[in-house]
Amino acid sequence: MRVLLDCRVGEPAAAPAAIGRGAYRIVQEELTNARKHGRDGQVSVAVAGAAGEGLTVEVRNPAGATAVAGIPGGGSGLIGLAERAGLAGGRLEYGPTATGEFRLWAWLPWPR
């Protein structure tokens, strides 16, 4: 799988550890999902943000088998990520796009 990373984070070393772990876990889960359910192709990962703005994570991949019904535990990872983002005070959105991709987007708070 080819992954294209666009990282635009102001002072990444200054990000709180919990934010870094949250972003890492979101990207990890979505790369796993892209490998399992997506079509071959490039996966793009964009991470951006700074203190006071929050941190955004966006992962896009060519949509493949989006139906997870019938797969044991199918969809549990995305539900868990939404819960993780919510517990951190952030939010998470995911689903197919009009252009045939699957998009996951998250925002995590990063205080000043």
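Student: In what order do the elements of the protein run from the N terminus on?

Tutor: Quick caveat: this is a predicted model, where local features need pLDDT of at least 70, side-chain atom pairs count only at pLDDT 80 or more, and totals for chains, interfaces and linings use all residues. Residues are numbered from 1 along each chain as its sequence is written, and side-chain values use heavy atoms, with hydrogens and water left out. Helices (H or I, at least four residues) and strands (E, at least two) are DSSP runs numbered from the N terminus. There are 2 helices and 5 strands, and the order is β-α-β-β-α-β-β.

Student: What span does H1 reach from its first C-alpha to its last?

Tutor: H1 covers residues 17–37, so 21 residues, and the expected span is 1.5 Å times one less than that number. That gives an expected 30 Å, and the helix comes close to it, reaching 30 Å.

Student: Where do the buried residues of H1 sit around the axis?

Tutor: Buried means under 20% relative accessible area, exposed over 50%, partly exposed in between (1.4 Å probe, protein chains only). Ile19, Gly22, Ala23, Ile26, Val27, Glu29, Glu30, Asn33 and Ala34 of H1 are buried. Taking directions from the helix axis to the C-beta atoms, they cover an arc of only 165 degrees, which puts them on the same side of H1.

Student: Which exposed residues does the face turned away carry?

Tutor: On the buried side, the cover includes strands E2 (42–50), E3 (54–62), E4 (91–96) and E5 (101–108), plus helix H2 (76–87), with contact meaning heavy atoms within 4.5 Å. The face turned away from that side carries exposed Ala17, Arg21, Tyr24, Arg35 and Lys36.
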